[in-house]
Amino acid sequence: MSDDQSDDQSDDPKRTLSGHDLEALLLADWRILFSSLHARFETGDFATGLRLVDGIGAAADELDHHPDIDLTYPSVTVRLTSHDVGGVTSRDVELARRISDLAGSLGAKADPGSVSVVELGLDTWGHEEIKPFWAALLGYEPSDTYEQELNDASGTRPTIWFQETDRHETPRQRWHLDIRVPPEVAEQRVRDAIGAGGTLVSDERAPTFWVLADPQGNQACVTTWLGRSHTA
């Protein structure tokens, strides 16, 4: 393939770009993690962060392509993906370059080595049996790409990954989840999880927390700010 052909394909707004494609495009401030571009810009103070977010918003509206942004003191974290094709495209690249230019003009420094994505893995001998429970408990959705994955639609909470293992009588649970929700939705969340195949292990500390288990015995808690705090 000639260089011209490669450039033409990179400009196709519907074509997803690989890590190799993105390296060739020299996006020094950005890293691809799974199906998104990630960048973090150290702003030094909150006011600069606000100005950067305001500039990103204007650029996003101009391009009609909108990122996910986290503004904290003293940094701005940005995630870019093309949801319609499930990956990074030239649309993301164009906006990424605009954002880098904006950050540079404000004196915000990119810190690409600090970006990361957290996933939570759960050992299971049959993800089909327990996936509905965890989707209901956490308010997650099945992944469009991977059968053994659940995603948070907002993109703010970790992905759940079901790792195949051998069948065993006593659950060898490697992690425990607490899901903190507003008090007015807690009981419905408990009912939804039970309706999806879960069991109620204990409600003696409700409404502080309810202990639930999926069909294979893996436990999780639905918690609220009411009552006393607890340690799982």
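What percentage of the 232 residues in the chain do buried residues make up? In this predicted model, the buried residues account for 38% of the chain. The legends below describe the whole chain and then selected close-up views.

**Figure 1. Overview of the predicted chain, with its 6 helices and 13 strands.** The C-alpha atoms occupy a box of roughly 60 × 45 × 30 Å along the principal axes. Among contacts with a separation of 6 or more, 59% are made by residues 24 or more positions apart in sequence.

**Figure 2. Helix α3, residues 46–63, and its buried face.** The helix has 18 residues, which at 1.5 Å a residue should span 26 Å, and the end C-alpha atoms are 26 Å apart, in agreement with that expectation. Thr48, Gly49, Leu52, Gly55, Ile56, Ala59 and Ala60 are the buried residues of α3. Viewed down the helix axis, these buried residues fall within an arc of 140° and therefore line one face of α3. An α-helix has 3.6 residues a turn, so residues three or four places apart point the same way. The cover over the buried residues of α3 includes the strands β2 (36–42), β3 (68–72) and β4 (75–80), together with helix α4 (90–105). Asp54 and Asp61, on the other side of α3, are exposed.

**Figure 3. The two ends of helix α3, with Asp45 at the start and Asp64 following the helix.** At the start of α3, a side-chain oxygen of Asp45 comes to within 3.2 Å of the backbone nitrogen of Ala47. Asp64, the residue that follows the helix, has a positive phi, near 55°.

**Figure 4. Surroundings of Ala103 in helix α4.** Ala103 has a relative accessible area of 0% and is therefore buried, the cut-off being under 20%. Once neighbours within four places in sequence are left aside, Ala103 is in contact with Phe41, Leu52 and Ala108. Of these contacts, Leu52 is also one of the buried residues of α3. Thr43 is 60 residues away from Ala103 in sequence, and their C-alpha atoms are 8.2 Å apart in space.

**Figure 5. Aromatic pairs, of which the whole structure holds 3.** In one of them, Phe133 and Trp134 are arranged edge-to-face, with 5.1 Å from centre to centre and 90° between the planes. Both Phe133 and Trp134 are buried. In another pair, the ring centres of Tyr146 and Trp161 are 6.3 Å apart and the planes stand at 75°, so this pair is edge-to-face. Tyr146 belongs to the loop between β7 (141–142) and β8 (149–151), whereas Trp161 belongs to strand β9 (residues 159–164); the pair therefore ties together parts that are 15 residues apart in sequence. Tyr146 is partly exposed, at a relative accessible area of 44%. Trp161 also counts as partly exposed, at 28% relative accessibility.

**Figure 6. The open sheet of 4 strands, in the order β6-β9-β8-β7.** The pairing within this sheet is mixed. β6 (119–124) and β7 stand at the edges with a single partner strand each, so one side of each has no neighbour in the sheet. Between β6 and β9 the pairing is parallel and extends over 6 bridges. In this parallel pairing, Glu119 stands opposite Thr159 of β9. β8 and β9, by contrast, run antiparallel and are joined by 2 bridges. Here Glu149 has Trp161 in β9 as its bridge partner; the ring of Trp161 also pairs with that of Tyr146. In a regular strand the side chains alternate between the two faces of the sheet.

**Figure 7. Surroundings of His127 in helix α5, residues 127–138.** His127 has a relative accessibility of 5% and counts as buried. Residues up to four places away in sequence being excluded, His127 touches Glu147, Gln148, Phe162 and Glu164.

Notes: Residues are numbered from 1 along each chain as its sequence is written. This is a predicted model: local features need pLDDT of at least 70, side-chain atom pairs count only at pLDDT 80 or more; totals for chains, interfaces and linings use all residues. Side-chain values use heavy atoms; hydrogens and water are left out. The expected span of a helix is 1.5 Å times one less than its number of residues. Buried means under 20% relative accessible area, exposed over 50%, partly exposed in between (1.4 Å probe, protein chains only). The arc is that of the directions from the helix axis to the C-beta atoms. Contact means heavy atoms within 4.5 Å. A polar contact is a pair of N or O atoms within 3.5 Å; within protein, one must be able to donate a hydrogen and the other to accept it, and residues adjacent in sequence count only if both atoms are side-chain atoms. Rings of Phe, Tyr and Trp (its six-membered ring) pair if their centres lie within 6.5 Å; planes under 30 degrees apart count as stacked, over 60 as edge-to-face and the rest as tilted. Two strands pair if DSSP finds at least two bridges between them.
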